[in-house]
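I opened a fresh notebook page for this chain and jotted things down as I looked them up. The entries follow my own order of curiosity.

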Amino acid sequence: MCIRDRLHTVQNGAVGAFAMQDINEAIEDLEEAHRTPFVMHFRGFKYHEIAEKLNIPIGTVKNRIHLARKSLKDRLFMYAD
């Protein structure tokens, strides 16, 4: 949200802060089995690296990341465009 006049534009950082708080809470509320692979993938790990690190099949990694994304999408629907 912005407040505008002819000379100044002021960004409202509160909206972004609330969104980040909601996102972080939603991630923390994920089951551990889904949260760990999701966060690793978000940080840049490849599927095969996550599978090796967690000692689980790559298909399981893909499934858990998919379920985490679906859960986050459902919970954070209000931020969708």
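**Entry 1: Ala26**

In which helix is the place of Ala26? I looked it up, and Ala26 sits in helix α1. A reminder to myself before going further: this is a predicted model. Ala26 counts as buried because its relative accessibility is 3%, and the cut-off for buried is under 20%. Setting aside residues up to four places away in sequence, I find Ala26 touching Leu72, Arg75 and Leu76. I also checked a pair across the chain: Ala26 and Ser71 are 45 residues apart in sequence, yet their C-alpha atoms are 8.5 Å apart in space.

**Entry 2: the whole chain**

I stepped back for the overall layout. I get four helices and two strands, and from the N terminus on the order reads β-β-α-α-α-α. The chain has 81 residues, of which 22% count as buried. For contacts between residues at least 6 apart in sequence, I noted that 45% join residues at least 24 apart.

**Entry 3: helix α1**

Back to the helix that holds Ala26. How many residues does α1 have, and how far does it reach from its first C-alpha to its last? I read off 16 residues and 23 Å, close to the 22 Å expected at 1.5 Å a residue. Its buried residues are Ala19, Ala26 and Ile27. They sit on the same side of α1, because the arc they cover around the axis is only 100°. On the other side of α1 I find Gly13, Phe18 and Glu28 exposed. The cover over the buried residues of α1 includes α2 and α4, so α4 is where I went next.

**Entry 4: helix α4**

α4 runs over residues 58–75, which makes 18 residues. From first C-alpha to last it reaches 26 Å, close to the 26 Å expected at 1.5 Å a residue. Which residues of α4 are buried? My list is Val61, Ile65, Ala68 and Leu72. Why are they on the same side of α4? Their arc around the axis is only 60°, which puts them there. The general rule I keep in mind is that an α-helix has 3.6 residues a turn, so residues three or four places apart point the same way. As for partners, the buried residues of α4 pack against α1 (13–28), α2 (32–42) and α3 (47–54).

**Entry 5: Leu72**

I picked Leu72 out of α4 for a closer look. Leu72 is buried, with a relative accessible area of 11%. Leaving aside neighbours within four places in sequence, I see Leu72 in contact with Ala26, Ile27, Leu30 and Phe38. Leu72 and Leu30 are 42 residues apart along the chain, with 8.3 Å between their C-alpha atoms.

**Entry 6: His34**

Is His34 buried or exposed? I have His34 down as buried, with a relative accessible area of 16%. His34 lies in helix α2. Not counting residues up to four places away in sequence, His34 touches Arg64, Leu67 and Ala68; Ala68 was also on my list of buried residues of α4.

**Entry 7: the largest pocket**

Next I went looking for empty space. The largest pocket holds about 270 Å³. I wrote down its lining as Met20, Ile23, Asn24, Ile27, Glu28, Phe38, Val39, Phe42, Leu72, Lys73 and Leu76. Which elements give two or more residues to that lining? Those are α1, α2 and α4, and α1 gives the most, with five residues. By type, I split the lining into eight nonpolar, one polar and two charged residues. Two names carry over from earlier pages: Ile27 and Leu72 are both in the lining, and I had already noted them in contact with each other.

**Entry 8: Asn55**

Last stop was a backbone check. Most residues other than glycine have a negative phi. What is phi of Asn55 near? I got a value near 60°, which is positive in a residue other than glycine. Asn55 lies in the loop between α3 and α4. Asn55 is exposed, with a relative accessible area of 71%.

Notes:
Residues numbered from 1 in each chain as written. Predicted model: local features only at pLDDT ≥ 70, side-chain atom pairs only at ≥ 80, totals over all residues. Heavy atoms only, no water. Expected span 1.5 Å × (residues − 1). Buried < 20%, exposed > 50% of the residue type's maximum accessible area, 1.4 Å probe, protein only. Arc of directions from axis to C-beta. Contact = heavy atoms within 4.5 Å. 1 Å grid on protein atoms, 1.4 Å probe; cavity = no way out; pocket = protein on both sides within 12 Å on 5 of 7 lines; lining within 4 Å. Points joined across faces, edges and corners; volume = space filled by probe spheres on them. Nonpolar A, V, L, I, M, F, W, Y, C, P; charged D, E, K, R; others polar.
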